[in-house]
Amino acid sequence: MSRVLTTTEAINEARRCLNCAKPTCRNGCPIENDIPQFIRALSEGNVGNAYEIISEHSNLPAICGRVCPHERQCESHCVLTKNKHGIEIGSLEMFVADFAHENSLKPIPPSTGKRGKVAVIGSGPAGLTVAGDLAKMNFAVTIFEGQSEPGGVLLFGIPEFRLSKDVVRREITELTDLGVEIKTNMLIGPDFTVDQLFDQGYDAIFMGTGTSLPRTLDIPGKELTGILTATYFLRMVVLADSGKLDNSETLLHTGDNVIVVGAGNVAMDAARTAVRRGAKNVTVVYHKTEAEISCFPSEYEEAIKEGINFNFLKKPLAYLNKKQIRALKNIRQQPSEQDDTVLAGLLVQNITKTADGEFVADGGQEYLPCDCVILAIGQRPAARIVSTTKGIEVDDKGFVITKERPYGMTTRAGVFSSGDVVHGPATVVLAMKESKKVAAGIAQYIDAKKLLEDCEQ
Ligand code: SF4
């Protein structure tokens, strides 16, 4: 976890760097930030130069400094980590980005917009990365965002305690300073189509629409009140925190017993947010063992520190209403109107891990009392672009198919894609990594297209 450093602490930390001839830290950075060079500039007290070096590769350093899993990436590759005291690269990145913002450092001039015109649909990490990289290459870029505010998962998916909304807004402002235009409340499908964008003169279109449809469980009782998806819950909390919704609309009440199904990063975010919203008990239910959880180790540790319980090797079988729970407990009581409609428990199947590593039902079942179940079992793309645009093929799970040349182009010429809508939900920095390659593919495509047009004249 990155920590806030004073200027003296940051420079002293940077001075510990060995400036290795073969800097292994760089191998661990998905976007190949020039880590030794920015640390060297920082160690000399030249924060402006450090920011300039970071900005060559990253459009979102203040965000990456906070949410990248540095402990599994650059920091784990630092040679000093073997001696248990590796360089705190994430904290240094965060320090440099924050210093640059506070001092209005703008090392890269705004785009001239002369190289071509690109529409970017979606403003999550993929869309912002493509927009920033293309603006730096002097393309005119317009982002179309369906929500009232840009940021996608950065704003509505990652909770405030992990990533401040002010930091997201600030980083987006840095992109608009590069000349990127942002149009909000513009939803692909209802408000415009890909064909209309081409008619408006865009040379290429990038789809970074993410995976907005959460997966749910098709089990008995799914219609009961009290079952939420994690993405919906996290989004409602952001809106409630910003005063745009009443707190009651987050559908979680103070004193609730909450079960979160799933053990990825979104599950940890939902569980930790439920604690902060006043839940009495929060239990993560997962159908495999602790060894198989997919969240970052640091997120798991934080969740445990915050008192979240983990119930491994349980698979949900049915949501139970109040009447069913009373029957199970053998309680006789006058039924109320809500007894059939309100969630009161989750029936789970006990699972065993065999010596071969397989997970099998062991015949045992139990019920876990709860007032609210939050599902964090994955997401899939919405079909809004594909259903309104001819020629874009998807695989059997709805993920967009893209090509190697030009990198990231879909089966429709001039339409590119990357991020979760292509690869499935991943970390911010992995979405950035692919999107940087796609931005280069878009530049190649537009240059070639214009060259051909010139030759035909
Ligand atoms: Fe510095 Fe560690 Fe990278 Fe070496 S591996 S250059 S010590 S950050």
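Hi everyone, this is a short walk through a ligand site and two helices in a predicted model.

Let's start at the ligand. Which residues are around the ligand? They are Cys 17, Leu 18, Cys 20, Thr 24, Cys 25, Cys 78, Val 79 and Ile 87. By class, that shell divides into 7 nonpolar residues and 1 polar, with no charged ones.

Now please turn to helix α13, residues 265-276. At 1.5 Å a residue, the 12 residues of α13 should span 16 Å, and the end C-alpha atoms are 17 Å apart, which agrees.

Is α13 largely enclosed or largely open? Here 9 of its 12 residues are buried, so the helix is largely enclosed by the rest of the structure. If you'd like to click through them, the buried ones are Asn 265, Ala 267, Met 268, Asp 269, Ala 270, Ala 271, Arg 272, Thr 273 and Ala 274.

And what covers those buried residues of α13? The cover includes the helices α12 (230-241) and α14 (297-305), along with the strands β7 (257-261), β8 (281-285), β9 (309-311) and β13 (372-375). Just after α13 comes Gly 278, with a positive phi near 100°.

That brings us to α14, one of the elements covering α13. In α14 the buried residues are Ser 298, Glu 299, Tyr 300, Glu 302 and Ala 303. Their cover includes α13 and β9, and β9 is also among the elements covering the buried residues of α13. α14, too, is followed by a glycine with positive phi: Gly 307, near 90°.

That's my tour, so thanks for listening!

Key
Residues numbered from 1 in each chain as written. Predicted model: local features only at pLDDT ≥ 70, side-chain atom pairs only at ≥ 80, totals over all residues. Heavy atoms only, no water. Near = heavy atom within 4 Å. Nonpolar A, V, L, I, M, F, W, Y, C, P; charged D, E, K, R; others polar. Helix = DSSP H or I, 4+ residues; strand = E, 2+ residues; numbered from the N terminus. Expected span 1.5 Å × (residues − 1). Buried < 20%, exposed > 50% of the residue type's maximum accessible area, 1.4 Å probe, protein only. Contact = heavy atoms within 4.5 Å.
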